[in-house]
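Me: I'm new to this one. Could you take a close look at the charged side chains and how they pair up?

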Amino acid sequence: MNPTITVTECVSELTGARPPVLLDVRWQLGGPHGRADYDAGHLPGAVFVDLDAELAGPPGAGGRHPLPDPEAFGAVMRRAGVSRDVPVVVYDGGQGWAAARAWWLLRWAGHPEVRVLDGGLAAWTGDLSTKVPEPDAGDFRPEPGGLPLLDADGAAALADSGLLLDARAAERYRGDVEPIDRVGGHIPGAVSAPTAGNVTEDGRFLPAETLAARFAGLGAGPGAEVGVYCGSGVSGAHEVLALEIAGHRAALYAGSWSEWSSDASRPVATGPDPR
């Protein structure tokens, strides 16, 4: 199924026979907590999900946003009303990173029908609500493995044998700046592919054929084995989603640069070239 949904399609489905569960995942790296924005106005019926606390485990050796414990994640989703046989639509403020993280986690955990609202809340033209819903508990129970996942060794191997894309901004890839992690640079062999290149100015994903051409130019030809990493597994999920639109099933290195760079024994490359 298409991993994104337009506002028009979402409105139609919300009044149809199988209305989706709505999850509000507003989040900003280093910004204010998204709950305040949710309380000020959200899509009617949407449940707020906290990326830092509920879509990630505690930060540590596994990175700044390691994968959550599957059982804990499942409990969060059930409280939000998520069931296996009910579609889910996730949205954020418009950047798409947080919504893509929720999409990736649910798909990885085995949910078959998850889509990201293209353009997020910024694209919504209907009324907003300040009412906090109390959904009936869902029945979703994670079965990890629905999407491919890389660890640090797997990412290093893929950089040699296939295509490993770095979804961070180009200046962080080159090592010109590193505002968050221990050291700047990139995994040797990884190719720079900033997430910003996947969307239009208003945050909507580019057409599938445009994305396919972009990734083909980066080395993702037919049958290519592709992996993605970013700073901590958030914007990387957005790139995995863009690759899905383009027709590629890509693996995510969830620990990403925050995990890789925390281990001084791991090699680091700098500059504009992969090596």
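Reply: Sure, and let's start with the term itself: a salt bridge is a side-chain nitrogen of Lys or Arg within 4 Å of a carboxyl oxygen of Asp or Glu. Arg174 and Asp176 fit that, with their closest N and O atoms 2.7 Å apart. Keep in mind that this is a predicted model. In total, the structure holds 16 salt bridges.

How exposed is Arg174, then? Its relative accessibility is 29%, so Arg174 counts as partly exposed, given that buried means under 20% and exposed means over 50%.

Now compare the pair Asp181 and Arg172. Their salt bridge has its closest N and O atoms 3.3 Å apart. Asp181 has a relative accessible area of 11%, which makes it buried, and Arg172, at 12%, counts as buried too. This pair also belongs to a wider group: a network of salt bridges links Arg64, Asp166, Arg168, Arg172, Glu178 and Asp181.

Another pair to find is Arg26 with Asp24, whose side chains meet in a salt bridge at 2.8 Å, N to O. Both Arg26 and Asp24 are buried.

While you're in that stretch of sequence, have a look at Leu23. Along with Met77, Leu23 has the most contacts inside the largest nonpolar core, which has 54 residues. Helix H5 (residues 97–108) gives the most to this core, nine residues. Domain 1 (4–123) and domain 2 (149–262) both contribute residues, so the core lies between them. Among the residues Leu23 touches are Val47, Met77, Tyr91 and Leu106.

Conventions. Residues are numbered from 1 along each chain as its sequence is written. This is a predicted model: local features need pLDDT of at least 70, side-chain atom pairs count only at pLDDT 80 or more; totals for chains, interfaces and linings use all residues. Side-chain values use heavy atoms; hydrogens and water are left out. A nonpolar core is a set of buried Ala, Val, Leu, Ile, Met, Phe, Trp, Tyr and Cys residues joined through side-chain atoms within 4.5 Å. Buried means under 20% relative accessible area, exposed over 50%, partly exposed in between (1.4 Å probe, protein chains only). Helices (H or I, at least four residues) and strands (E, at least two) are DSSP runs, numbered from the N terminus. Domain bounds come from an automatic or database domain assignment. Contact means heavy atoms within 4.5 Å. Lists of a residue's contacts leave out its neighbours within four places in sequence.
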